[in-house]
There are 2 protein chains.
Amino acid sequence: VTGEHSNPSPHWRSLIERALGEAAGDPAAYHVQVATVTPGGRPANRTVVFRGFIAGTDWLCFVTDVRSQKARHVRNQPWGEVCWYLAASRQQFRLAGELALVTGDETDAALQQARQAAWTALSDRTRRQFFWPEPLLPRARPAAFEVAAPDGAQPPATFCLLVLRPTQVDHLDVGSYPHRRTVYRLQASGQWSQETVNP
Amino acid sequence: VTGEHSNPSPHWRSLIERALGEAAGDPAAYHVQVATVTPGGRPANRTVVFRGFIAGTDWLCFVTDVRSQKARHVRNQPWGEVCWYLAASRQQFRLAGELALVTGDETDAALQQARQAAWTALSDRTRRQFFWPEPLLPRARPAAFEVAAPDGAQPPATFCLLVLRPTQVDHLDVGSYPHRRTVYRLQASGQWSQETVNP
């Protein structure tokens with residue numbers, strides 16, 4: 001599962017990167033919503049922060065806690081869909097594919113290195129969250145949230161990457177009228193097909 | 001299924017309304033992501049515009065086209081989860097419940113009236129979209145998108161409400177540190193329980 005590939009960057013990726021450029025550093029542009037399916041077959045949906053593409057791939061990288069509900073969902077059913085709406089340029093990207101967790105047990109060296117780098121890149125405030133008490137349990141006393149500054153070099157066992165490997169990208173341009181919509185699909189060859197459809 | 005109820009407004013609703021007030025008319029504050037499950041059991045996720053609560057209820061109202069994929073999903077499996085992230089106040093609300101379509105065939109007078117009112121409230125540009133060619137088919141020629149100004153009083157058969165009846169609301173306040181998280185659950189009595197949990 002190493003991330004190296006030699007295909008050119010898909011067109012949808014350059015559209016996302018352009019839209020991020022138009023957002024001019026607005027942190028909200030990096031907020032996306034990732035949907036998963038619960039073991040009971042119901043949808044779940046929450047906001048996560050885009051942390052970049054895994055080097056050498058077109059896989060989207062997020063971080064999460066192995067104790068989170070989304071990590072549980074992914075272990076049970078890996079399919080996810082990310083909805084990324086970039087308000088400044090009125091572009092929506094719906095990226096569907098398999099989600100994978102990259103934990104401390106990951107044996108792929110490139111992915112383990114990506115996990116390490118993502119940990120180091122986090123703010124101290126965000127790193128402390130991985131030492132907070134178990135999510136969704138009844139609220140712990142305030143002292144349980146007072147944690148010492150974590151080691152920025154060594155991620156804890158609670159820290160993992162959430163990686164989306166898109167196989168379909170549905171791009172809707174609401175900034176044009178009539179709206180434009182294009183669906184990109186990953187082929188077995190590793191190339192992306194592209195179809196222009198009605199919005 | 002009429003929308004009348006006599007219970008007081010749930011606390012999560014007043015929190016949403018306060019956060020909307022803090023957003024001070026920013027249109028992006030009304031954009032939410034709704035997740036559904038496809039007939040194949042995979043998640044789907046897209047941005048929709050919040051159109052208000054159905055009068056006399058705490059049900060969230062959106063509009064959609066009966067030909068859209070989300071309408072197809074809801075007919076197959078009604079469970080949905082809306083993720084509403086209000087960036088200005090750093091509040092996230094995850095609203096889970098059953099989704100329902102209110103079409104021209106709706107026999108409940110209050111819901112049919114809500115459909116009528118939602119149609120009238122739309123902009124002319126938005127109303128025209130309901131006369132565009134079938135979504136997701138190969139892109140039609142430009143002339144197919146040139147439609148005359150629709151009658152603002154009479155919604156077409158393609159126009160329906162998408163109504164979420166929340167039964168659980170997960171509120172995460174990322175603006176405070178440590179984050180605050182509260183889960184609200186609708187009881188059989190019609191009252192909402194409230195549990196403060198670890199974020």
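Buried area is the accessible area that two parts lose on being put together, summed over both. Keep that in mind as we walk through this predicted model, beginning where its two chains meet.

Between chain A and chain B, the buried area comes to about 4200 Å², and carbon and sulfur atoms give 55% of it. Each side brings residues to the meeting: 45 from chain A and 45 from chain B take part in the contact. On the chain A side, the residues that lose the most area to chain B are Arg139(A), Tyr177(A) and Asn198(A), which together make up 18% of what that side buries. If you go looking for salt bridges between chain A and chain B, the count is 0.

How are the two chains arranged relative to one another? A turn of 180 degrees, with a shift of 0.0 Å along the axis, lays chain A on chain B with an RMSD of 0.0 Å. The two copies are therefore related as by a two-fold rotation axis. Both copies use the same surface for their contact, since 100% of the contact residues of chain A recur in chain B.

Now let us turn to the aromatic rings. A pair of aromatic rings is described by the distance of the centres and the angle of the planes. Over all chains, the count is 20 aromatic pairs. One of the pairs is formed by Trp12(B) and Phe53(B), whose ring centres are 6.3 Å apart and whose planes meet at 50 degrees, making the pair tilted. Trp12(B) belongs to helix α1 (residues 11-22) of chain B, while Phe53(B) sits in the loop between β2 (43-49) and β3 (60-65), so this pair ties together parts that are 41 residues apart in sequence.

Are these two residues buried or exposed? Trp12(B) has 0% relative accessibility and therefore counts as buried. Phe53(B), at 17%, also counts as buried, because the cut-off for buried is under 20% relative accessible area. Phe53(B) has another partner as well: with Phe50(B) it forms an edge-to-face pair, 5.2 Å centre to centre with 75 degrees between the planes. Phe50(B) is buried too.

Over in chain A, Trp12(A), Phe50(A), Phe53(A), Phe62(A), Trp84(A) and Trp192(A) form one aromatic cluster. Within that cluster, Phe53(A) also has a charge above its ring: the charged end of Arg13(A) sits over it, 3.9 Å from the ring centre. In chain B, the charged end of Arg127(B) sits over the ring of Trp119(B), at 5.9 Å from its centre.

Conventions:
Residues are numbered from 1 along each chain as its sequence is written. Chains are lettered from A and ligands numbered from 1 in the order in which they are written. This is a predicted model: local features need pLDDT of at least 70, side-chain atom pairs count only at pLDDT 80 or more; totals for chains, interfaces and linings use all residues. Side-chain values use heavy atoms; hydrogens and water are left out. Copies are superposed by least squares on the C-alpha atoms of residues with pLDDT of at least 70 in both. Contact means heavy atoms within 4.5 Å. Rings of Phe, Tyr and Trp (its six-membered ring) pair if their centres lie within 6.5 Å; planes under 30 degrees apart count as stacked, over 60 as edge-to-face and the rest as tilted. Helices (H or I, at least four residues) and strands (E, at least two) are DSSP runs, numbered from the N terminus. Buried means under 20% relative accessible area, exposed over 50%, partly exposed in between (1.4 Å probe, protein chains only). A charge sits over a ring if NZ of Lys or CZ of Arg is within 6 Å of the ring centre and within 35 degrees of the ring normal. Buried area is the accessible area (1.4 Å probe) that two parts lose on being put together, summed over both. A salt bridge is a side-chain nitrogen of Lys or Arg within 4 Å of a carboxyl oxygen of Asp or Glu.
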